[in-house]
Amino acid sequence: MGHLRVLIAGAGFAGFAAAKALHARQSEAEVTLVSPRPNAVLSPLVPGILSGWVCPWTPLISLREALPCANLRIGRLCHVNRNQGVVTIDGAGVRSGCEAAQIDYDALILATGRMPSTENVVGASQHALACKSPKDAVTIRNQIAGAFEAANAEDSARRRQALLSVAVVGNDIRACHIALELRALLSQSISQYPRVRPEDVSMVLIGSGVPTGVDSAMAERLQALLQRAGIDLQGGRVDEVSTDHLCLTDEQGETQRVEARTIVWAKNDTSALALQPIGMHGVRVDVMLRVSEEPRSEDSRLFALGDAASLDRPVDVLAAASTVANNVLAQARGGNLLQCNRSITKVLLGKRVGIGRLGPWLVGGSAGAWLATQTIRSLAPGVWDEFPPPLERLEPIPTHLHVTSPPPVVSTYPRA
Ligand SMILES: Cc1cc2nc3c(=O)[nH]c(=O)nc-3n(C[C@H](O)[C@H](O)[C@H](O)COP(=O)(O)OP(=O)(O)OC[C@H]3O[C@@H](n4cnc5c(N)ncnc54)[C@H](O)[C@@H]3O)c2cc1C
């Protein structure tokens, strides 16, 4: 086989995993990775920055270090010409001032994830905080640190309660994860502030009331975990977000006002890529992860995985990456394509909290966390071992740590 030009758009958990899986197969594929930044982000670790057990730079993996064989192109995919097999990447918004460029491909893997969707919600984009990147998590943590300082200076319990009210908007596993880590941050911070009492802090998760994207047994376990942690669950649709409250329509159609000084928007259900044939909720793919459209048949050169892909049921990202790597090569060699059948089996929800599914059994607590962290470790070995100890106290993180690229310590990442 000659050089097979594989282009991967997006270097989040899924794109990075796909590039590693292709590399592990030691094929003659020439892999080009298009990413707005020179790092992969291990997004399941991002909420850990909120409670402080993950350092802000830990989820950032230098792509040049981790994937020395891949061509890295900084920019965003902005147009695909599927007939000619050419993409256009746009360097706009990248500080280095990259030029727009066209790249030919034999196979294109879309791994561009999803974006927070605040479109129809008045005030959401101005007043709610996203939690997608380490930088976002640092911003939220700093806001909470500021709220505790202000609350500690207040004699009025009512004002302290207003300052320390937190809401997370979202239904899925990441929203639950963010809520649990924020709750841990609130609980561990109380003891540092003599005037703040446990009853001054409140936390509500606003969504469907039942976590989505997991099976019913997992959803039940997750719901119990949230309630045990002291998180109120509120069903309903958010209509308006303001500086100190949000308004929602509850399941009975009634309008409700929820006080919240810190509002985190964790509804990521809009496709990050505004391209055809990509819909609002992801690219439709078949079980081999080829982009499929009705009435046209699947596109044999176009694959999608991770949050960018829409499948009938959720699948494990690492299993999907391995399937895509196999199928891209098999397609070019005339080999057999594999189906991606493994559904989500493990989720990380905190330092010592996770849920995993082993066949018919659910594994929770530390065992669940261990299962989930093994997934991340297998993708980025040594990611925890080489970093400075986590931040145990609630301290504002200095602005110089508002990093978009990792500090030099990341160069110790072991070569593949
Ligand atoms: C805060 C958070 C917590 C989570 N917690 C858990 C958890 O506990 N357990 C669990 O199982 N899962 C969790 N997840 C979900 C899991 O991380 C996702 O399923 C997984 O990250 C999917 O990765 P992805 O690469 O598809 O998307 P992303 O990680 O969003 O990566 C997409 C990448 O594509 C890039 N991109 C976007 N547009 C373009 C473009 N036009 N061109 C090039 N690049 C582009 C983006 O910059 C980004 O780097 C969490 C996710 C988040 C965000």
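Two strands count as paired when DSSP finds at least two bridges between them. With that in hand, here is a tour of this predicted model.

**One matched pair, and the sheet around it**

Take strand β12, residues 165–169, and strand β18, residues 262–265: they pair in the parallel sense over four bridges. Zooming in on alanine 167, its bridge partner in β18 is isoleucine 263. These two strands belong to an open sheet of five strands, paired in parallel, that runs in the order β11-β18-β12-β13-β14. At the edges sit β11 (129–130) and β14 (232–235), each of which pairs on one side only.

**Stepping back to the whole chain**

The chain has 416 residues, and 46% of them are buried. Its secondary structure adds up to 10 helices and 25 strands. How do the contacts spread along the sequence? Taking contacts between residues at least 6 apart in sequence, 67% join residues at least 24 apart.

**Around the ligand**

How many residues surround the ligand? There are 35, and the closest are Gly10, Gly12, Ala14, Gly113 and Gly306. By type, the shell splits into 22 nonpolar, nine polar and four charged residues. Both domain 1 (4–113 + 272–344) and domain 2 (118–266) take part, with at least three shell residues from each.

Several helices and strands supply at least two shell residues each, and the table shows where they lie.

| Element | Residues |
|---|---|
| α1 | 13–24 |
| β2 | 29–35 |
| α2 | 46–51 |
| β6 | 76–81 |
| α7 | 173–190 |
| β23 | 346–348 |

Which element gives the most to the shell? That is α7, with four residues.

**A closer look at α1**

Helix α1 is one of the elements in the table, and Ala14, one of the residues closest to the ligand, is among the buried residues of α1. The helix has 12 residues and reaches 16 Å from its first C-alpha to its last, close to the 16 Å expected at 1.5 Å a residue.

Is α1 mostly covered or mostly open? It's mostly covered, with 10 of its 12 residues buried. Besides Ala14, the buried set takes in Phe13, Gly15, Phe16, Ala17, Ala18, Ala19, Lys20, Ala21 and Leu22. As a bit of background, an α-helix has 3.6 residues a turn, so residues three or four places apart point the same way. Just after α1 comes glutamine 26, which takes a positive phi of about 45°.

Methods. Residues are numbered from 1 along each chain as its sequence is written. This is a predicted model: local features need pLDDT of at least 70, side-chain atom pairs count only at pLDDT 80 or more; totals for chains, interfaces and linings use all residues. A residue is buried if 20 or more other C-beta atoms lie within 10 Å of its own, exposed if 12 or fewer, and partly exposed in between; C-beta atoms are placed from the backbone. Two residues are in contact if their C-beta atoms, placed from the backbone, lie within 7 Å. A residue is near a molecule or strand if its C-beta atom, placed from the backbone, lies within 6 Å of it. Ala, Val, Leu, Ile, Met, Phe, Trp, Tyr, Cys and Pro count as nonpolar, Asp, Glu, Lys and Arg as charged, and the others, Gly among them, as polar. Domain bounds come from an automatic or database domain assignment. The expected span of a helix is 1.5 Å times one less than its number of residues.
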